There are 2 protein chains.
Amino acid sequence: MESPVRVGLMGLGTVGAGVYEVLEKNYEQIARRAGGPVEIAKILVRHPNKARSVAVDDGLVTTDPDELLEAEDIDIICEVIGCPGGDVEPAMGYIRRALEAGKYVVTANKDILAKHGRELLELARRCKVGLYYEAAVAGGIPIIKSIKECLAANEIETLMGIINGTTNYMLTKMAQEGAPFDAVLREAQEKGYAESDPTSDVEGHDAAYKLTILARLAFETDIRVEDVYREGITKVTPEDIAYAREFGYALKLLAIAKATGRGIEARVHPTLIPQDHPLASVNDVFNAIFIEGDAVGELMFYGRGAGKFPTASAVVADIVQAAQNIRRGVTGWIDGVAKQREVLSPLEIVSRYYIHTKVVDRPGVLAQIAQTFGDNNVSIESVIQKGKEQDPVSLVFVTHEVVERNVRAALERISMLPVVRSVANVIRVEGA
Amino acid sequence: MESPVRVGLMGLGTVGAGVYEVLEKNYEQIARRAGGPVEIAKILVRHPNKARSVAVDDGLVTTDPDELLEAEDIDIICEVIGCPGGDVEPAMGYIRRALEAGKYVVTANKDILAKHGRELLELARRCKVGLYYEAAVAGGIPIIKSIKECLAANEIETLMGIINGTTNYMLTKMAQEGAPFDAVLREAQEKGYAESDPTSDVEGHDAAYKLTILARLAFETDIRVEDVYREGITKVTPEDIAYAREFGYALKLLAIAKATGRGIEARVHPTLIPQDHPLASVNDVFNAIFIEGDAVGELMFYGRGAGKFPTASAVVADIVQAAQNIRRGVTGWIDGVAKQREVLSPLEIVSRYYIHTKVVDRPGVLAQIAQTFGDNNVSIESVIQKGKEQDPVSLVFVTHEVVERNVRAALERISMLPVVRSVANVIRVEGA
């Protein structure tokens, strides 16, 4: 029998407990696949005497990180502390020290990967150890390994993901029940899907972090969180979801990255997609990532993007990979930044647009607005009027593909037309 | 610069040409990911002077397999000859010789993997080389690597796949247009989706081969093609698709493998699944594999299951993996048969059933049939009558979960009832 590979587990919250339980429950199978036993040697916690969902041997638990980081017989550090309050420390420092000590690192930390991924991957390379982070994006869905290894033959052209379960749950409810944003947010909070401060989810920050990680990998280029254009779902109304449905679209918060001839587009925003697009039927808290590669064509990965065991599934797969690599003395796949491509400013994004205007119900209004779109090189694909003989009525346009700069210019003029009460909503359209 | 890894390509048909083109088009990226250049050293063809879709240097082409198999400087044999006419030779012999010569092997050959996978994987292990076959199942969808590596932490419980594009195209057409089997088969043949002899697709043989490979991997147990229960789509009617829709189901040809306490279920048959199940909206020639693992929960992989470039995407990803492993002197993940679990006979399968009977329209008929189901421990969930005051009318039942043995016994009795004209169709129901 091979001698065990020993893991230092940092964090025993929801994910940490999941990792502990999965390693225990599927011990034999994991040993088979890892080429030998995988054992937890030490667990770092903040409060040693806290009541926990898992029964852990007292001797395993410590509050001193050095007992993990300086232990010669610990091969892998598994960091699942996260960044409570948005602070990358102490997790960041632990990961850095672990790599420098020649330990392989498995982490589920999307904040750290998004903000400091490039630096840490470079450090891992210098230290000749592996750094794995499958669980940092989309929980149990094996999207990191798929992009890096399974799509190695492809130039990836487009990546579109539903990678925030909270907002997908909310938008699903809004679509199915016609309920407004505030009501579904309260419901999501009651169910524990949304935090008491929901900003990170509903404003798209969480999705932007994850997109940063995915786009960096897919396009082998350095992308910073600040490069991602971001718009949340707080302005989405049941009315717009219903109108969009009449045009044949579903509304989702998509994280989109595209490689164009002009540069990389990276953006998170509410998006209309055709109802028969595979992403359109991804509902509730489920996540999915849709990819187009030059060889493989269209691919989609669907599953649970969060939760104790789905996340643990990804963490433990990484531990198994790390254990195999340690036994063989290799570090795993190359995960590099080979190219440096420009990330386009939001004004340069090319998309189609759904534009909902509230206007005076009077002959000639459509002509005036259409004229203004035309003057700004915005070409209209279809338009419907909702409501009649009331003030205002809704006039809803869907455009052909157009660069955002032109749409903004057109909308500025349109909003000043005396017959236009307001531009109620502007939502990008993709995947048609 | 690292010295190149050299590939001997066997076969220059559709997939072979795709592999050649992808390796050429994405040469630099592939070199980066493989840790150095990947080059085609020799190509085995049957007809050296045939017109081809790719322009290949004459010096690369040979009709002599020994020029690949005995070449010391060829590291990887990529076998994409297939099994024309169902004959595993000569491909099988080439793979065996390549492994024995210490070469890594990448193959897209589902027939050989299904029939002789265990033997070849064992041979690869003894020869200390890698054998990779991502392209053998579901084309561009990275399902082999996902099961083996990404789900390493999971006990897989259920695997349900749409893994034959031809029949999925046909069933999609039947559902959308109400067209009968014969008409959509002709259309599929005209479009080149179905062969002139469509038996392998429409009778479920192709799906059974692929399921054998997937189930062996998912359950780490030896499964033979003959162990897979198989039923094709030739008896599916637009009428049944329409009735099923009224019950809330879509009809798909599913390949299903389940680990139950009593043993492994492995079966391919027309199946009703709830319309909101992720597999229900997989249409046209697309493939998808739905998996439930004890940690990850529900996962689905969606994409193109065949075609030149999707298949080449999978083959080249394997070549990149092989090249990396060769450079590191390792063979890749462990792919073994650890357990030997029994594969259940069809009579032991537990499922729900849609049962379409044609009966005399007379009071008391439903009671008689219901009584017969009850006598055989078949519990009915719902029933609808279609048609009225005609002879016969359709009486359509959906059962609760029941073991197949009981259903067969009940149907034998029911078909003998004087009021029953025929049992028109019996279709299993899953995923509810």
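**Exercise 1. Helices across the sheet**

Which strands does helix α4 of chain B lie across, and at about what angle does it run to β4(B)?

*Before you start.* This is a predicted model, in which local features need pLDDT of at least 70, side-chain atom pairs count only at pLDDT 80 or more, and totals for chains, interfaces and linings use all residues. Residues are numbered from 1 along each chain as its sequence is written, while chains are lettered from A and ligands numbered from 1 in the order in which they are written.

*Solution.*
- Step 1. Find α4(B) at residues 91-100. Helices (H or I, at least four residues) and strands (E, at least two) are DSSP runs, numbered from the N terminus.
- Step 2. List the strands: α4(B) lies across β1, β4 (76-79), β5 (104-107) and β6 of chain B.
- Step 3. Read the angle: α4(B) runs at about 165° to β4(B). Axes are lines fitted to C-alpha atoms, for helices over the stretch in contact, and angles run from 0 to 180 degrees between N-to-C directions. Two residues are in contact if their C-beta atoms, placed from the backbone, lie within 7 Å.
- Step 4. Add helix α12(B), residues 308-328. This helix lies across β1, β2, β4, β5 and β6 of chain B, at about 170° to β5(B).

**Exercise 2. The sheet itself**

Give the strand order of this sheet in chain B, and find its edges.

*Solution.*
- Step 1. The order is β3-β2-β1-β4-β5-β6, an open sheet of six strands with parallel pairing. Two strands pair if DSSP finds at least two bridges between them.
- Step 2. β3 (61-62) and β6 (131-132) of chain B each have a single partner strand, so one side of each has no neighbour in the sheet.
- Step 3. Check one pair. Strands β1 (5-10) and β2 (38-44) of chain B run parallel and are joined by six bridges. Arg6(B) has Glu39(B) in β2(B) as its bridge partner.

**Exercise 3. Where the chains meet**

Describe the side of chain A that touches chain B.

*Solution.*
- Step 1. Each chain, A and B, gives 44 residues to the contact.
- Step 2. On chain A, α2 (27-34), α6 (143-150), β12 (297-304) and α12 (308-328) each supply at least two residues. The largest share, nine residues, comes from α12(A).
- Step 3. Sort by class: 24 nonpolar, 12 polar and eight charged. Ala, Val, Leu, Ile, Met, Phe, Trp, Tyr, Cys and Pro count as nonpolar, Asp, Glu, Lys and Arg as charged, and the others, Gly among them, as polar.
- Step 4. Look between the chains: β12(A) and β12(B) pair in the antiparallel sense over five bridges. Gly303(A) has Leu299(B) as its bridge partner.
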